[in-house]
Amino acid sequence: MRILICEDSVLLREGLVRLLEHGGHEVVAALPEASRLMERVGETDPDLCILDVRLPPTFTDEGIRAAMELRRARPGLAVLVLSQYVEERYASDLITGQGGAFGYLLKDRVADVGEFIESVERIGQGATVLDPEVVAQLLTRRSRDDRMRSLTDRERTVLAALAEGRSNQAIAALLFLSEASVEKHITAIFQKLGLDAEEGGNRRVLAAIAHIESTAAPAPGLPGAPTTTHTQTGPLS
């Protein structure tokens, strides 16, 4: 896979280059900031772009704005955003925005090389990969939504696993359930959330998260300010 990296930290940028190349991928460009990102994407035609959320010159939202522009301008290009913290507002904008395959991971995930490379490859193959912390926060902050409150604790656990991109078989192994039980829980979840269980895996998971994001109010006592999170999603078996 051809990959372009945009990360201001020299150590992390060079570390990503080595990890990805060691994993058999080609890094076509490694940029310290986003001013020439669109130009370099046009020149190198990558399959995947990896961007930091906060880039020079202000280190606020340059990376996230660049990611959203890429998703609008090149919907066939896979995009992976790396963040130091869970920034819920940004995650919500990207999850519900236009574009192709997408990932939002916390930088801590890079430390687990195998998991990180697997996530990169899943995104390159068309999956949506969200850090589990992102999904957990979206679920928690929107717990007042009537449809979310109708889910049982087990169904919430299964929904979180769905959003992490786990297959039915993987969820069954994780929760010590039969695959038939997992399928029953998934059917119940989408019925309660008013979603079409016949849609593809990515669209189903994104629809669930988008539904929670758009319809629920913040839980009592929780600030409305953005926070930070990470999760992974992909097609179901």
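Biologist: What makes β5 and β6 a pair of strands?

Modeller: In this predicted model, they run in the parallel sense and share two bridges. Pairing asks for at least two bridges, so this pair meets the cut-off. In β6, Thr128 is the bridge partner of Phe102. From β5 the chain travels through helix α5 (residues 113-124) to β6, a left-handed β-α-β crossover.

Biologist: Why is that crossover called left-handed?

Modeller: Look with the strands pointing away from you: a clockwise path from the first strand over the helix to the second would make a crossover right-handed. The path from β5 over α5 to β6 is assigned the left-handed sense.

Biologist: How do you know that β4 and β5 pair?

Modeller: There are five bridges between them, in the parallel sense, and at least two are needed, so the pair qualifies. Leu82 has Leu105 of β5 as its bridge partner.

Biologist: What makes β2 and β6 edge strands?

Modeller: Start with the whole sheet: it is open, has six strands with parallel pairing, and follows the order β2-β1-β3-β4-β5-β6. Both β2 (26-31) and β6 (128-130) have a single partner strand, so each is left with one side lacking a neighbour in the sheet. On average, neighbouring strands are turned by 15 degrees against each other, direction ignored.

Biologist: How do you know that helix α3 packs on the sheet?

Modeller: First, the strands beneath the question: β3 (residues 48-52) and β4 (residues 78-83) pair in the parallel sense over five bridges, and Asp52 stands opposite Leu82 in β4. Helix α3 (residues 62-73) touches β3, β4 and β5 (102-106). Touching here means heavy atoms within 4.5 Å, so the packing rests on that cut-off. The direction of α3 makes about 160 degrees with that of β3.

Biologist: What makes β5 mostly covered?

Modeller: Five of its five residues are buried. Buried means under 20% relative accessible area, so each of these residues falls below that limit. On one side sit Phe102, Tyr104 and Leu106, on the other Gly103 and Leu105, and both faces are covered.

Biologist: Which residues touch the most other members of the largest nonpolar core?

Modeller: That core has 29 residues, and the ones with the most member contacts are Leu4, Leu37, Leu51, Leu70, Val81 and Tyr104. Leaving aside residues up to four places away in sequence, Leu70 touches Leu37, Met38, Val41, Cys49, Leu51, Pro75, Leu77 and Val79. Another core, of 20 residues, lies apart from it and includes Val27, Ile50, Val110 and Val120.

Note on methods
Residues numbered from 1 in each chain as written. Predicted model: local features only at pLDDT ≥ 70, side-chain atom pairs only at ≥ 80, totals over all residues. Heavy atoms only, no water. Core = buried A, V, L, I, M, F, W, Y, C linked by side-chain atoms within 4.5 Å. Buried < 20%, exposed > 50% of the residue type's maximum accessible area, 1.4 Å probe, protein only. Helix = DSSP H or I, 4+ residues; strand = E, 2+ residues; numbered from the N terminus. Axes fitted to C-alpha atoms, helices over the stretch in contact; angles between N-to-C directions.
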